[in-house]
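Q: Could you take a close look at one part of this structure with me? I'd like to see how a single chain is put together.

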Amino acid sequence: MNGEKLWKIFQQQDADRDSVDLVNIEPRAAMSRRTFIELIGFSAAAAALAGCRAPEQKIIPFITQPMAEFTPGVGLFYASTCGGCSASCGALVKVRDGRPIKLEGNDLHPLTGGGLCAVAHAMVFELYDSDRLRQPMRGSQAATWDEVDAEIKKQLDGIKQNGGKVRVLTSTITSPTTLAVIEKFLTQFTDGKHITYDAVSTAAIRKAHLKTHGREAIPSYKFDAAKLIVSFGADFLGTWIAPVEFTRGYSQARNLRDGRHEMSRHIQFESRLTLAGSNADRRVKVSPAEEIESLLLLAKLVAAKTGQQAPAEIASFNPTNLNPRLQQVVEQTANELVKLKGASLVVSGANDTDAQVVVNFINNALGNYGATVDLNAPSAQKQGDDEAMAELVREMNAGEVKALIISGVNPAYDHFARNEFTSGFAKVPLKISLNPTRDETSANADFICPQSHFLESWNDAEPRRGTFSLSQPTIAPLFQTRAYQESLLRWSGDERNFYNVLREHWKENIFAKDANFDELWDKSLESGAYTIERTAAAQPAFASSDVGNAATRLKTRAMTLAGKLTVALYEKILMRDGAHANNPWLQELPDPITKITWDNYASVSPALAEKLQLEEGSVVRVSNGATTIELPAHIQTGQHDDVIAIAVGYGRTHAGKAGNNIGANAYPFVSFDNGTFQYLANGASIEKTGAKIEFASTQRHHTLDGRPIIKEFTLAEFISGHAGEGERERQSQSIWKDHAYGEHKWGMVVDLNACTGCSACILSCQAENNVPVVGREEVRRQREMHWIRLDRYFEGDGETTKVVYQPVMCAQCDNASCESVCPVLATVHSSEGLNMQVYNRCVGTRYCANNCAYKVRRFNWFDYPHDDEIANLALNPDVTVRTRGVMEKCTFCVQRIEEKKILARNEGRAIRDGEIQTACQQSCPAQAITFGDLVDQESRANHLKHDERDYILLPELNLRPAISYLAKVRNTEEA
Amino acid sequence: MSLRTARIVSLVVTVVGAIVLLQNATFSWLGNQQGYEPVQPIAFSHKIHAGDNQISCLYCHSAAEKSRVAGIPAASVCMNCHSQIRKDSPEVQKIAAALSDNKPIQWVRVHDLPDHVAFNHSRHVSAGIKCQQCHGPVETMERVAQFDSLFMGTCVSCHRTHREVTLDKTGKPVIAKEATPKRLMASTDCSVCHH
Amino acid sequence: MAVAVKHTEDLAHEATHPVVSPLRKPLIEGHKTYGDVTTDICNLLDRRAGAGWWIAFSVSFVLMVAGIIATAHTVSTGIGTWGLNKTVGWAFDITNFVFWIGIGHAGTFISAILFLFNQKWRTSVNRSAEAMTIIAVMCAGIFPVIHMGRPWLFYWILPYPNNRGSLWVNFRSPLVWDFFAISTYFTISLVFWYLGLVPDLATARDRTISKLRRGFYKVLSLGWNGSNRTWSRYETVYLVLAALATPLVLSVHSIVSFDFATSLIPGWHSTIFPPYFVAGAVFSGFAMVMTLMILVRKLMRLEDYITVQHLENMCKVTLLTGSIVSLAYLTEVFIGFYSGNPNEMFVIVNRVLGPYSWAYWTMVTCNAIVPQLFWFKRVRTSVPLIFVLSILVNVGMWFERFVIIVTSLHRDFLPSSWAMYMPTITEITIMLGSFGLFFTLFLLFLRIFPVISMNEVKGVLHYARR
């Protein structure tokens, strides 16, 4: 299948690379100033590929000198908003010679700070995805904007006269202006409606709050304020609602640096091993049935202990499926929660209104509303309305919908009843898709009006009420695309471009009337965010009327689930709902838990695998009667025996060359029940097909085997000073002279207690350092190229699986074993303590990699594909594109170090601590990585090196690494 | 020939051969771009501009102070003067044409370092190093030619002998105050240029 | 030996040529005269090659060509065509390199050390043993070059004046030491071998019938005239070269072993490597000499010159070195546990019981157990048995290098990076190709040069005779 072919065949790409035709880059965008710089950058990229001796190089300057702050060869950062998912995190876009080449976290953003997730980093690659549509399409024919606009308007006018339902179906839109635009568009019609659809929905939370608090909203959860977090299967560190924001808060509350000695406690009840669960202090493995009963029991106990009067169904609840041990665990949890009344937080990942109602009941009983749960600043993320979607499908099939405009959604792929949807879709006379690619749904649309990438367009976002952020174009549209808001404006007879609409909307509705607009606008644009101070209001009152019925339904639900095999659908933190499936960076990013790339799989517990005689990778047929799919099995410790966990987002057929036919589509297992999408399919069966595949996995051994690689303490041990035990960085007696460092000595500290394993660092590094994607086959051969890897080890038995993560990149050892063995001095020690890797000197003996104790060196086994002219625009011009046969590795982003050093010297000043940030450090949502100058006694890194938790990896080898780790601490004792 | 003469001949051959072979020059003829002087789309004369008319290099190559690249001026910059001066010259008209029909001028690159070399102009300019040191007497060149071989040896020998300087408030180059005497030299770490 | 069982061929031979010494058996059988020796050896050069030779040659030539194709594929596509990965950076490539270097050792050992110890029996085998050395070192030399990611830049590991300011090589790197050690070794062996050839080339020059050959030998024999002056000079130089070559026998493989010993990988980082490697080298070298000699005496009908006695002596050397190697194995295991270092212990356990234990046990069987059979005279004197065992020993020695390299690398310090290694067709073909090259060149040597050092054999012709 060509999805793989692209990456598999390396011989192909040798074809005349140095003859990249500058003139015929498809397509010729209007000759804007940016286009020209692109061309410059392009020839640079081309040269980088062609090697040192490109025959004749052209230099193509501007025609007219651009704005003042622009200097060729100097990167500029623009504050913007990430459009990767509905979380709308604040981002900085690094633009180099007119090309956005990297997303970084915007530390001025009130919600996400400097953090970004892995998906955000991959968005740059999506911008340069050559599979994006390059002009509007009429069916499958290319068309011009004027043509499609004319025809669409004509048909819309028809509907205006004759009446009829017009529906706009979008994914969650956090942009207030866009919502206004859609509103405006729909008002033209007698029956116009905007439907929000999320493939992976959290509608239950909103419905539940409508029932209990009279507000259909997702509250904001304050994980930083919670001293005790009890989560029922909610992967709030991985994929749930706003993972970056939550990870930031979570790690702040658990930060033990700078002499802090208290951290929040986290208890997770879950049936499959989630990222959040893998970080929990106490992880309780439960079956889906047990999960529900634990929740109910918790409600009962909390109510009893807090004196909150509970409905009879709860007060009289007696678990039938909970073994004594679990009951005891729930009891303990209840006690802990009650102790921390008002400072605790209970969340559930279930998209089941009843479960969420009970969760609200518990949080209310604990007085968490107003403290850790805030309904007055509701989140605008994940606004998907499952009922409305179901209604739409009905309407379409009834032939009532006259026009359907979709944007950012792909129901033909990710709707659980996609055949129903497509049949209805076919009945709609006017089907317009605003999606950027010809995906499963757009393929059947009458018109595709490709929207520009968010890096090419103006937009705004209000992820939480009162917190606004802007996103601004960082490059002129590469292709003949248009912001979808503008398309809607055109069709509502509004000729303004969206930028003006945006400004006016902010002037009217967001900024205070009396404010100086331009000043405020520029400020918000510069910082990327704008906040409206709210006066603290009381939380809406809690109504317990529905709790009883909810409990009853939950009980029966637990009964039906009990003892049955259940398919649990989930999002991988890298692939999410599958919208970005065509992004090779995401496809090749190993899942933090399973370490598998380029696939989805049916995770089964070791016991279940035993029972079915499954091995890792043996293909199974999973079915729940209605749906049957075949997937390779992955044996996952820590997962409950009653559960088969399958990731959605795979099995795309119209994603593009990288994303097609990777894995299998699991959405059909979703069901629509009780007003929401259910991601648990019970009564499943699983059988072996006899086939077997090998996973493209980046880690094949999963335990520490008693090696002292990870240091871990309980909070008690830490407080009593045990963390300091064991060797500090030893001053060994060496017969050699130590390096004499003058100006700088770069060092790094990684806090294992902060790291949640979100893997953002890996992609940040990949984007910064032009790390190639090698493809499934090569990963199978254990040749992935990532410079920073996230080692994941399982501890303990299947009951209490503990997980530890350890980011490992080149440690820049003082006594580097790689340096002494390289025959050609291609890797040598710098005067600033860096272990330099000189690509152009390397002859590729691989001796250094053999002799590296941390195995962080990566070898270019082939010339990796750099023949996609558009994709090459994502390359960072400051970093050499490595050729075949050359060793490469992390050098603490030496290009960034040099950049800042030169800046400081040109300005005749010393480098400020924290001025240089490595790529991995910059966007770590948990701020686990600290980089700095160890010569500077005041530097943050130096400070942390003297933390009592500080230890180095493999000290017995006396390599003197510049990276040290801060030991992990688990808050095991009950509050 | 007799054994003696044979001996002498062989000895001479060996010695001379060794001397000839073991010269840097022997190993540097390959890939030496010194003297490369391509024809440019517009017959721009640095002699007239930088030489006769004493226009500062940085007026056109303004990025050299701030960036790793010196930059080629935009056509509009040329027209700052040429909208008044020598409008009729065919060469100037080429520029005007470029502006009017919005087609960029494609200059041929003369100084083309390999892509694995990250040379930074701003650092060297602000350290008070004259452009001519590497680019030669450009102000005398009708058409620009590569003056130096620009081999790594050129860079390294300079870095070994020159002191790291920064600019003081008045913009005057001063020697940086750094820890040990060794560090006073411009860095010869590989990663200064190769990353 | 006097009491040793007499073989039928001994009896037959004694009937015609009464032996004087009751203790010693003659080194050269068939009661040859000086004339016989010259004719026997020189006629080999003019005689047409037999069917056996042609079969052997065509097979090895085909293998060589296959190897060349595989190498071309590697160089043009990338090292990715091999089975290596992020954890195992060396495998077949360096295994073959060390293997061939090891093979080379016997030649120098026989020609230099045995010469200094005045072991007369060496004379029949030293010529071809030295040829084997030179060819083996050639085969070995290929691998360090083609195992590079960018082999076209291999010359960067030599220090030469350059315009990089100047940029030298890393004299701390064992790979650089390797380069010097091996090139020295190759040069000395070549000179030594060639010098030994000169008198015989002169003889060949004077006797051969083909014009072409005469011209060839004329050039190579450097106008040798066999005068006493020439002979005495020759003897002196030969002695000196022998003295020079002797330390190289020890140095080369010691330095090759430094590639591993100086690293920090458990299973490589070991002080016993130099002697262990040298013993192993001589061990495998002699095994290879025996294999070749048995073939040679069959192919070229040289049973009278290369006698069972020669083979028996070599068996004894093999037995000795084999036992040293076995001792080294035991020491490794002992140190592994005695060190108390968990990593060291793990490597041993992983070798003995891990996924590559099959390789380890092949190695132990072939190198530690098989040679012990040479304690029995029956085995030492049965040509077919020696042939089989000698091949087994070489299989074992190849696996020794494989075990050292791969089992140490594939599971080192951080379990997260552990990986498995499986060779690809390309790698296997390259290995076979190196054998093809080896035998092709050796068979050519048999046809072009006097296989047995006539002048030296004549010197021992009357050993134990009237």
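A: Here is a walk through chain C, with a short stop at some cysteines in the other chains at the end. Keep in mind that this is a predicted model, so every value is computed from it.

Start with the building blocks: chain C has 16 helices and 0 strands. How do they pack overall? The radius of gyration of chain C is 23 Å, and since a compact globule of 466 residues would come out near 23 Å, the two agree. If you lay the C-alpha trace along its principal axes, you get about 75 × 60 × 40 Å.

Now look inside. Of the 466 residues in chain C, 60% count as buried. The contacts tell you how the chain folds back on itself: taking those between residues at least 6 apart in sequence, 81% join residues at least 24 apart.

Then there's the outside. Chain C exposes about 18300 Å², and carbon and sulfur atoms supply 72% of that. As for charge, chain C carries 35 positive and 23 negative charges, and the mean positions of the two sets are 6 Å apart.

Last, the cysteines. Over all chains, the structure holds 0 disulfides. Take Cys761(A): its nearest cysteine sulfur belongs to Cys758(A), 6.3 Å away, while a disulfide needs the two sulfur atoms within 2.5 Å. Cys761(A) counts as buried, because its relative accessibility is 11%. Over in chain B, the sulfur of Cys134(B) is too far for a bond, because the closest cysteine sulfur, in Cys158(B), is 6.9 Å from it. Cys134(B) has 31% relative accessibility, so it counts as partly exposed.

Notes
Residues numbered from 1 in each chain as written. Chains lettered and ligands numbered in written order. Predicted model: local features only at pLDDT ≥ 70, side-chain atom pairs only at ≥ 80, totals over all residues. Heavy atoms only, no water. Helix = DSSP H or I, 4+ residues; strand = E, 2+ residues; numbered from the N terminus. Rg over C-alpha atoms; globule rule 2.2 N^0.38 Å. Buried < 20%, exposed > 50% of the residue type's maximum accessible area, 1.4 Å probe, protein only. Contact = heavy atoms within 4.5 Å. Areas by Shrake-Rupley, 256 points an atom, 1.4 Å probe, with all protein chains shown as cover. Lys, Arg positive; Asp, Glu negative; His and termini not counted. Charge placed at Lys NZ, Arg CZ, Asp CG, Glu CD.
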